[in-house]
Amino acid sequence: GDNDGAFIPEHKLVMVGLDNAGKTTILYQFLMNEVVHTSPTIGSNVEEIVWKNIHFLVWDLGGQQSLRAAWSTYYTNTEFIIMVIDSTDRERLAVTREELYKMLQHEDLTKASLLVYANKQDLKESMSAAEISKQLDLTSIKKHQWHIQSCCALTGEGLYQGLEWIAQRIKKK
Amino acid sequence: MSSFKRDKKEEEEGGSNPFLNLEKTSVLQETRMFNETPVNARKCTHILTKILYLINQGEQLGSREATECFFAMTKLFQSKDVIMRRMVYLGIKELSPIAEDVIIVTSSLTKDMTGKEDLYRAPAIRALCSITDNTMLQAVERYMKQCIVDRNAPVSSGALVSSLHLANTAGDVVKRWANEAQEALNSDNIMVQYHGLGLLYHIRKADRLAVTKLVNRLTKQNLKSPYAVCFLIRIACKIIEEEDAAGNSNAESPLFDFVESCLRNKSEMVVYEAAHAFVNLKRTNPRELSTAVSILQLFCGSSKATLRFAAVRTMNKVAMLHPPAVNVCNLDLEGLIADSNRSVATLAITTLLKTGAESSVER
């Protein structure tokens, strides 16, 4: 009905990252605890996830270059940004970095916190979370709370540790 | 006339139309509400209604306004309210020709068209096809093919009709869906069968041999859908005329026999279509013409005004080409002069002027 859940606060999360980073797989791993067959997201997926009594509204935004300009229209009221990174994609880490800093400057995100998922850790050639953190120069981010979490979307490993960090931040508010 | 009267009455009652004094800019400002979480579905549905009303009244939206409104609307996908979601589909279709970057809703719509909620599926397909262009179509092709052969009739119909619209801009991709359209043609649902034939003909129409094969096969098979049969009659007549024009006149064309057999169909629509076809085919002989005319004569006495109108309009045309063939119906036509439907009466009079003798005109 219309008023169901009107008094349970929902927390808005926006999940971004380059195409093929694993955003949609992460979303459906949270939603159904299973791996769904995904195809490139053209546009966006939105799902509500309930975990530990917290309602998360997760927007998963397509990562192709043509759609990245549209990300900002989804920033209003966003509490957390989740940046998903394909840890094996060394070549495009610079692009991610550029997108990340452009995003953090957006006025709608001044109060948002940042969670970085270093995904695809199951693959041999993947970079470690520390290495990615260094390449992205995360320590230079002073105006936003941030955390980096290594994970594997296919097995779900590390995903809930990331969500736990978000839950802790929500409780402190 | 009647709608004019109604408007006047409403005015007298004191502005019963709550949308009468809407202002575009203020309605567009209200769309800010779409960004709120959780979504207030009742209020947002009302705002969507206002937007649709404005557009349907002819209000022009600029590209920027439309884009902002479109993107605001995409936020509503977070709510599961069924009525509001269906309004969003309508909004997508109305704004997609004006707004930019409309492909942003592709994923949301493909999810709805393949999802469990049947109420979403057909309208999601129609909305998806309004935002999809040639390049994006390849990404959703798999889903379109699945939907064409879906067991749910509205889903299948929606996919077929949308494919037909897409064929204008993405003909090469849609051409690859002929097998699925063929399968839809075997459906028990009359709409699905009709739309299946429509798409298949559109795909094949440039290939004369393929069309002839298709028609020959279908005329032997009893199609359930009267709409499909009517369409088949039209295609058959086109082929007959083309063959006759090419000089391959074959007096006993099986297609001609098919059209004749349709005169005995149990659907009025099909019978009329066949009679209309006979009147217009060049090769029709006087005996066949008289059969067709006697059917039209029968329809002149129908209780349905549309049927009387169709019959007398066709008679009017016959009277120009073969006045003697219509003479036999003069009495029926005289009966229509005082018809309560003015169009029917007018057509009856003009027809009589072409065929009638002095005696009947005096009467």
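A residue counts as buried under 20% relative accessible area, exposed over 50%, and partly exposed in between (1.4 Å probe, protein chains only). This is a predicted model, in which local features need pLDDT of at least 70, side-chain atom pairs count only at pLDDT 80 or more, and totals for chains, interfaces and linings use all residues. Residues are numbered from 1 along each chain as its sequence is written, chains are lettered from A and ligands numbered from 1 in the order in which they are written, and side-chain values use heavy atoms, without hydrogens and water.

**Lys120(A) sits in a loop of chain A with a positive phi.**
The loop runs between strand S5 (113–119) and helix H4 (129–136) of chain A; helices (H or I, at least four residues) and strands (E, at least two) are DSSP runs, numbered from the N terminus. Look for the backbone of Lys120(A), where phi is near 65°, a positive value in a residue other than glycine. With a relative accessible area of 18%, Lys120(A) is buried.

**Asn77(A) and Glu79(A) belong to the loop between H2 and S4 of chain A.**
Here helix H2 covers residues 65–68 and strand S4 covers 80–86. Asn77(A) is not a glycine, yet its phi is positive, near 60°. The relative accessibility of Asn77(A) is 47%, so this residue is partly exposed. Glu79(A), by contrast, is buried, at a relative accessible area of 18%. Setting aside neighbours within four places in sequence, the contacts (heavy atoms within 4.5 Å) of Glu79(A) are Glu10(A), His11(A), Lys12(A), Lys111(A), Ala112(A), Ser113(A) and Lys173(A).

**Helices H1 and H5 of chain A pack at about 80°.**
H1(A) spans residues 23–32, H5(A) spans residues 159–172, and their axes are 11 Å apart. Axes are lines fitted to C-alpha atoms, for helices over the stretch in contact, and angles run from 0 to 180 degrees between N-to-C directions. The two helices are therefore roughly perpendicular (65 to 115 degrees; under 35 is roughly parallel, over 145 roughly antiparallel, the rest oblique). On the H1(A) side, the contact is made by Ile26(A), Gln29(A) and Phe30(A), and these meet Leu159(A), Tyr160(A) and Leu163(A) of H5(A).

**Chain A as a whole combines five helices and six strands.**
Reading from the N terminus, its elements follow the order β-α-β-β-α-β-α-β-α-β-α. Along the principal axes, the C-alpha atoms fill a box of roughly 50 × 35 × 30 Å. Of the 173 residues in chain A, 55% are buried. Among contacts in chain A with a separation of 6 or more, 72% join residues 24 or more positions apart.

**Helices H13 and H14 of chain B cross at roughly 125°.**
H13(B) is made of residues 208–220 and H14(B) of residues 226–245, and their axes come within 10 Å. That crossing makes H13(B) oblique to H14(B). Follow the contact from H13(B), where Arg208(B), Val211(B), Thr212(B), Val215(B), Leu218(B) and Thr219(B) take part. Their partners in H14(B) are Leu232(B), Ile235(B), Ala236(B), Ile239(B), Glu242(B) and Glu243(B).

**Helix H6 of chain B is mostly covered.**
H6(B) spans residues 106–114, and seven of its nine residues are buried. These are Thr106(B), Ser107(B), Ser108(B), Leu109(B), Thr110(B), Asp112(B) and Met113(B). What do the buried residues of H6(B) pack against? One partner comes from chain A, strand S2 (44–51). The others are in chain B: helix H5 (82–95), helix H7 (118–131) and helix H8 (134–148).

**Gly196(B) is a buried residue of helix H12 in chain B.**
H12(B) runs over residues 190–204. The relative accessibility of Gly196(B) is 0%. Not counting residues up to four places away in sequence, Gly196(B) touches Leu160(B), Ala181(B), Ala184(B) and Leu185(B). Between the C-alpha atoms of Gly196(B) and Lys145(B), 51 residues apart along the chain, the separation is 12 Å.

**Ser26(B) and Pro38(B) mark a helix and the loop beyond H2 in chain B.**
Ser26(B) is in helix H2, residues 24–30, and is partly exposed at 33% relative accessibility. Its C-alpha atom is 36 Å from that of Thr114(B), 88 residues away along the chain. Pro38(B) lies in the loop that joins H2 to helix H3 (41–56) of chain B. The peptide bond leading to Pro38(B) from Thr37(B) is cis, with omega near -5°.

**Glu334(B) is buried in helix H20 of chain B.**
H20(B) comprises residues 330–336, and the relative accessible area of Glu334(B) is 17%. From C-alpha to C-alpha, Glu334(B) and Val270(B) are 26 Å apart, with 64 residues of separation in sequence.
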